[in-house]
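Biologist: Please take a close look at the aromatic side chains and their surroundings in this model, and then carry the description on to the main pocket. I would like one connected account rather than a list.

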Amino acid sequence: MQKRCAFTMAEVLITLGILGIVIAMTMPMLMGEYRKKTVEVRLKKFYSAANQAIELSEVKNGPKEYWFTCTDGLQEADSPTMSCETWYNIYLKNYLNTLKVEHFDNKYQNTAAYFEDGSLMVIKSGYDIYFYPYAKDFDKDKFFQQSDDGALSRPDSGRKFFAFAFRPNSTSVRAIAYKNKGIEPYKTLYCENKVQSDGKTELVCNSLTREELLNHPSYGCNKESPYKVY
């Protein structure tokens, strides 16, 4: 008679149990890395596609430095502003591949464009453009939060969505990093009014340091910060 080697039922169950524990421990890390990589890829894709759309639009609508500005108000004769819906339809609609577009009011007038890869872009009144790598993270009813004292905040910035700006024609000191450019990520330029020795107030702008990017009470990447836009 020949002897045959085999695992016992207990050994098989113990092995499966160990494998299950290892998978349970490593799966969150693997999923986190996958999500991080997806976010990076979609951010790069959006940045490239959005600025390519602007370049194509310039052929028909002229240099972007002379485009109208998207605001809450309706388009008026001889006005340098127009509604966000009109702005999108004129400058971007024909140059971006989207699944659908919706216009909504939530404190400000906004336009949301959904892309085929599952991401989303929100154009807010003014010059801000927010990009959601995952459109499912977007909730237009919670697009911003308002405290009891009336202060507005966007606590999901830097987590669920990322801030860009389109200010090619701005002459503001705060927007010098965007002048003559397309859609650009928010720059680490923080400005505040400071009282000088002569008693006058002057707007002073400086780049945030790495320490400030992490721990600044308003703009740092921490749980307490209401604006993690940088």
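Modeller: A good place to enter this predicted model is the ring of Tyr134, where the charged end of Lys136 sits over the ring, 5.1 Å from its centre. The charged end of Arg42 also sits over the ring of Tyr134, at 4.9 Å from the ring centre.

From there one can turn to the pairing of rings with one another, for which a search of the whole structure finds 13 aromatic pairs. One of these is formed by Trp67 and Trp87, whose ring centres lie 6.4 Å apart and whose planes meet at 70°, and because an angle over 60 degrees counts as edge-to-face, the pair of Trp67 and Trp87 is assigned to that class. Trp67 lies in the loop between α1 (9-61) and β1 (69-71), while Trp87 belongs to helix α2 (residues 84-91), so the contact ties together parts that are 20 residues apart in sequence. Both partners are shielded from solvent in the computed surface: Trp67 has a relative accessibility of 4% and therefore counts as buried, and Trp87, with a relative accessible area of 5%, is buried as well.

Trp67 also pairs with Phe166, and here the ring centres are 5.8 Å apart with the planes at 50°, so this pair is tilted. The pair links distant parts of the chain, since Trp67 sits in the loop between α1 and β1 whereas Phe166 sits in the loop between β9 (162-165) and β10 (184-185), 99 residues apart. Phe166 is itself buried, with a relative accessible area of 10%.

Elsewhere in the list of ring contacts, Phe104, Tyr130, Tyr132, Phe138 and Phe161 are linked by ring pairs into a cluster.

As for the pocket, the largest one has a volume of about 500 Å³. Its lining consists of 20 residues, and those that lie nearest its centre are Tyr127, Asp128, Tyr186, Tyr219 and Tyr230. The elements that give two or more residues to this lining are β6 (128-132), β8 (152-153) and β11 (189-195), and β11 provides the largest share, three residues. Sorted by class, the lining of the largest pocket holds 13 nonpolar residues, one polar residue and six charged residues.

Key: Residues are numbered from 1 along each chain as its sequence is written. This is a predicted model: local features need pLDDT of at least 70, side-chain atom pairs count only at pLDDT 80 or more; totals for chains, interfaces and linings use all residues. Side-chain values use heavy atoms; hydrogens and water are left out. Rings of Phe, Tyr and Trp (its six-membered ring) pair if their centres lie within 6.5 Å; planes under 30 degrees apart count as stacked, over 60 as edge-to-face and the rest as tilted. Helices (H or I, at least four residues) and strands (E, at least two) are DSSP runs, numbered from the N terminus. Buried means under 20% relative accessible area, exposed over 50%, partly exposed in between (1.4 Å probe, protein chains only). A charge sits over a ring if NZ of Lys or CZ of Arg is within 6 Å of the ring centre and within 35 degrees of the ring normal. On a 1 Å grid over the protein atoms alone, a cavity is a set of points where a 1.4 Å probe fits but cannot get out, and a pocket is an open set with protein on both sides within 12 Å along at least five of seven lines; lining residues have an atom within 4 Å of a point. Grid points are joined across faces, edges and corners, and a volume is the space filled by probe spheres set on the points. Ala, Val, Leu, Ile, Met, Phe, Trp, Tyr, Cys and Pro count as nonpolar, Asp, Glu, Lys and Arg as charged, and the others, Gly among them, as polar.
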